[in-house]
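Open your viewer and get ready to click along. We will go from stop to stop, selecting a few residues at a time.

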Amino acid sequence: MELSIFLNDKRSATTKVNAPPQARQMGSLKVSISSPGFIYEPYAPRDTISFWRRWFTKSGWRRTKNDIILELKNAYAIVKLRKTGYSKHKFYVEAIKLYKEINTLLANGDKTALRKAVTEKMYSELKNEIKQRQSAWNMSKLYWEMIEPAVLIRTLRARLIGVDKSDLNKVFIQLTLEIKTKQKFEAYDSKGARVAGDKNKEILVREIWVFEKSLFHPGAYWRLCGRIKA
């Protein structure tokens, strides 16, 4: 059974990036990271099926087989990640910091710093998002705040992407997280007038983010590689 996907070298694009602030504080060096540039098997919620259908119909058997394969892929990826010193608690702390940092950079329209915290494809999407927001809404300033601690953070999916069939250690890992937080938001136009949101009101926000990391580049760090509609 294939528990990871392998890429053709031509599909990878290499670029040099600097570590984001939290990574530099841990002593990470400048590294050359080749991001796959896509989310492998994007997470989608599975429909609940009855006990009778699952165990007494052919479609139920196929569904059970597929569910087992999905869980095996999750387990295999996590086992591989743990060999690098992975701790779920430490990763969740880092993921929340990165979540807060990226949202703050988006609110400030800081495209230079944003480039260091996300993959190349994600950067292109977020840069266009900032441009569209500024042009369509005529927004010159955003206020964004996350109320800590996070309401919920959990792993929905773990996947490996191999880049060399002759070396199974040359893989990227993608962890899909569900993140629920309370946030405050307010937007202003060029004259400073409020056009959206209310910074005095808390709203509950649920998002699904995919974080990616190379397991074979020394000094590699987590970056946002995609967002899935919740």
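One term will help along the way: a residue is buried when its relative accessible area is under 20%, exposed when that area is over 50%, and partly exposed in between. Keep in mind that you are looking at a predicted model.

**Stop 1: a charged trio on the strands**

Select Arg-154 to try the term out. Arg-154 has a relative accessible area of 41%, so it is partly exposed. Now add Glu-178, which forms a salt bridge with Arg-154, with the closest N and O atoms 2.4 Å apart. This pair connects distant parts of the chain, since Glu-178 belongs to strand β5 and Arg-154 to strand β4, 24 residues apart. Is Glu-178 buried or exposed? Its relative accessibility is 3%, so Glu-178 counts as buried.

Next, add Arg-206. This residue also forms a salt bridge with Glu-178, and here the closest N and O atoms are 2.6 Å apart. Arg-206 sits in strand β6 and Glu-178 in strand β5, 28 residues apart in the chain. At 34% relative accessibility, Arg-206 is partly exposed.

**Stop 2: the strands themselves**

Select residues 171–189 to see strand β5, where 16 of the 19 residues are buried. Then show β6 as well: β5 and β6 pair in the antiparallel sense over 16 bridges. They make a hairpin with four residues between them, and in the turn you can find Gly-192, whose phi is positive at about 90°. To see one pairing up close, pick Thr-181 and look across to Val-205, which stands opposite in β6.

On to residues 223–228, strand β7, which runs antiparallel to β6 and is joined to β6 by five bridges.

**Stop 3: Trp-209 and its neighbours**

Which residue of β6 is the bridge partner of Leu-177? It is Trp-209. Trp-209 also stands opposite Arg-227 in β7.

Now show the side chain of Tyr-99. Tyr-99 and Trp-209 form a tilted aromatic pair, 4.6 Å centre to centre with 55° between the planes. Tyr-99 lies in helix α4 and Trp-209 in strand β6, so the pair ties together parts that are 110 residues apart in sequence. Tyr-99 is buried, with a relative accessible area of 0%, and Trp-209 is buried too, at 1%.

Widen the selection to Tyr-86, Phe-91, Tyr-92, Tyr-99, Trp-209, Phe-211 and Trp-222, a cluster linked by ring pairs.

**Stop 4: from helix α4 to strand β4**

Select Lys-100 and Glu-148. They form a salt bridge whose closest N and O atoms are 2.7 Å apart. Glu-148 is in strand β4 and Lys-100 in helix α4, 48 residues apart. Both ends are partly exposed: Glu-148 has a relative accessible area of 49%, and Lys-100 has 32%.

Then try Tyr-143 with Lys-199: the charged end of Lys-199 sits over the ring of Tyr-143, 5.5 Å from its centre.

**Stop 5: a nonpolar patch**

Finish by turning on the surface and selecting Phe-51, Trp-52, Trp-55, Phe-56 and Trp-61. Together they make a nonpolar surface patch of about 700 Å². Helix α2, residues 51–56, gives the largest share of the patch, four residues. Trp-55 is found in this helix and is partly exposed, with a relative accessible area of 44%.

Conventions:
Residues numbered from 1 in each chain as written. Predicted model: local features only at pLDDT ≥ 70, side-chain atom pairs only at ≥ 80, totals over all residues. Heavy atoms only, no water. Phe/Tyr/Trp six-rings, centres within 6.5 Å; stacked < 30°, edge-to-face > 60°. Helix = DSSP H or I, 4+ residues; strand = E, 2+ residues; numbered from the N terminus. Buried < 20%, exposed > 50% of the residue type's maximum accessible area, 1.4 Å probe, protein only. Lys NZ or Arg CZ within 6 Å of the ring centre and 35° of its normal. Patch = residues over 30% accessible without salt bridge, like charges linked within 9 Å, V, L, I, M, F, W, Y side chains within 5 Å. Areas by Shrake-Rupley, 256 points an atom, 1.4 Å probe, with all protein chains shown as cover. Salt bridge = Lys/Arg side-chain N within 4 Å of Asp/Glu carboxyl O. Pairing = 2+ DSSP bridges.
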